[in-house]
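Thanks for coming, everyone. I'll keep this short. Please have a look at the structure.

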Amino acid sequence: MNKLYLKYPIIVEGKYDKIKLDSLVASTVIAINGFSFFNDPGIQKLLRKYSENGAIILTDSDKAGLFIRSKLKGYTKGTLINLYTPAIKGKERRKSAPSKDGLLGVEGIPSEVLVDLLRPYESNTIPSGYLTKSRLFSDGLSGMENSADLRKQLATILGLPDGLSSNAFIEAVNAMIPEEQYTFALNQIKELHQ
């Protein structure tokens, strides 16, 4: 199955939801790690930044998922698209027992159902990222002794959370930051360190 390219990033509850959606879409999927996002300023900042031009919220259909969904609006900007999975009784393969409400979460919903939910938000253009792992290395933002510190400084200038891994940094920059803005900010950082 070809992956969908979506117009918007998708916000999900946990890492297993993200893994499932990463196998279906070639778009940004942000896992907020359940209720922990309420106490995580980095994830909150990332949500605000990613949602400036709209975002899809896809949480579980149980009470916890609906509660998280209701609170996300206060942590985001722009248009929020609420997609709801069908309430299917069952349990995920990796779990020994069903959830409290006895419903499948996003990770347990059949792939075809998720693709059908997301297809209306498919983009006609395939995003091409200018920031790659090799460019990150050549720009001195990975593989060097002070790379993490430089990446943290650059993230701050670009309005991104400062604790992003290299891969998350690449994904965030490609999704939200024009190349000219990245280059300008990178040059500022390099001038400070000369």
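Start with what α6 packs against. Its buried residues sit against three helices: α2 (41–50), α7 (166–176) and α8 (179–192). This is a predicted model, so please hear everything that follows in that light.

Which residues of α6 are buried? They are S147, L150, R151, L154, A155 and L158. These residues cover an arc of only 140° around the axis, so they fall on the same side of α6. The general rule behind that is familiar. An α-helix has 3.6 residues a turn, so residues three or four places apart point the same way.

Now the length of the helix. α6 runs over residues 147–158, which is 12 residues. At 1.5 Å a residue, the expected span is 16 Å. The end C-alpha atoms are 16 Å apart, so expectation and model agree. Just after α6 comes G159, with a positive phi of about 80°.

Next, α7. Its buried residues are F169, I170, A172, V173 and M176. What covers them? The cover includes α2, α5 (133–138), α6 and α8. So much for the helix packing.

On to a pocket. I mean the second largest one, with a volume of about 260 Å³. How many residues line this pocket? The count is 15. Nearest its centre lie I30, I43, L46, L164 and A168. Which elements supply at least two residues each? Those are β2 (29–31), α2 and α7. The largest share of the lining comes from α2, with four residues. We met α2 a moment ago, packed against the buried residues of α6.

Now the loops. Take N33 first. N33 is in the loop between β2 and α2. Its phi is near 60°, a positive value in a residue other than glycine. In general, most residues other than glycine have a negative phi. Is N33 buried, partly exposed or exposed? Its relative accessible area is 43%, so N33 is partly exposed.

The loop after α2 leads to β3, and N53 is found there. N53 has 69% relative accessibility, so this residue counts as exposed. How far is N53 from L150, C-alpha to C-alpha? The two are 97 residues apart along the chain, and their C-alpha atoms are separated by 27 Å. L150, remember, is one of the buried residues of α6.

Then D60, in the loop between β3 (55–57) and α3 (63–72). Buried or exposed? D60 is at 13% relative accessibility; the cut-off for buried is under 20%, so D60 counts as buried. What does its side chain reach? It reaches the backbone nitrogen of V106, at 2.8 Å. Set aside the neighbours within four places in sequence, and D60 is in contact with E13, D17, G65, L66, G105 and V106. V106 is thus on that contact list too.

Last loop. G74 sits between α3 and β4 (80–82). At 68% relative accessibility, G74 counts as exposed. G74 and R48 are 26 residues apart along the chain, and their C-alpha atoms are separated by 9.3 Å.

To recap, in two points. The buried residues of α6 share one side of the helix, as the 140° arc shows. And among the loop residues, D60 is buried, whereas N53 is exposed and G74 is exposed. Questions, please.

Note on methods:
Residues numbered from 1 in each chain as written. Predicted model: local features only at pLDDT ≥ 70, side-chain atom pairs only at ≥ 80, totals over all residues. Heavy atoms only, no water. Buried < 20%, exposed > 50% of the residue type's maximum accessible area, 1.4 Å probe, protein only. Polar contact = N/O pair within 3.5 Å; in protein donor to acceptor, adjacent residues only side chain to side chain. Contact = heavy atoms within 4.5 Å. Expected span 1.5 Å × (residues − 1). Arc of directions from axis to C-beta. 1 Å grid on protein atoms, 1.4 Å probe; cavity = no way out; pocket = protein on both sides within 12 Å on 5 of 7 lines; lining within 4 Å. Points joined across faces, edges and corners; volume = space filled by probe spheres on them.
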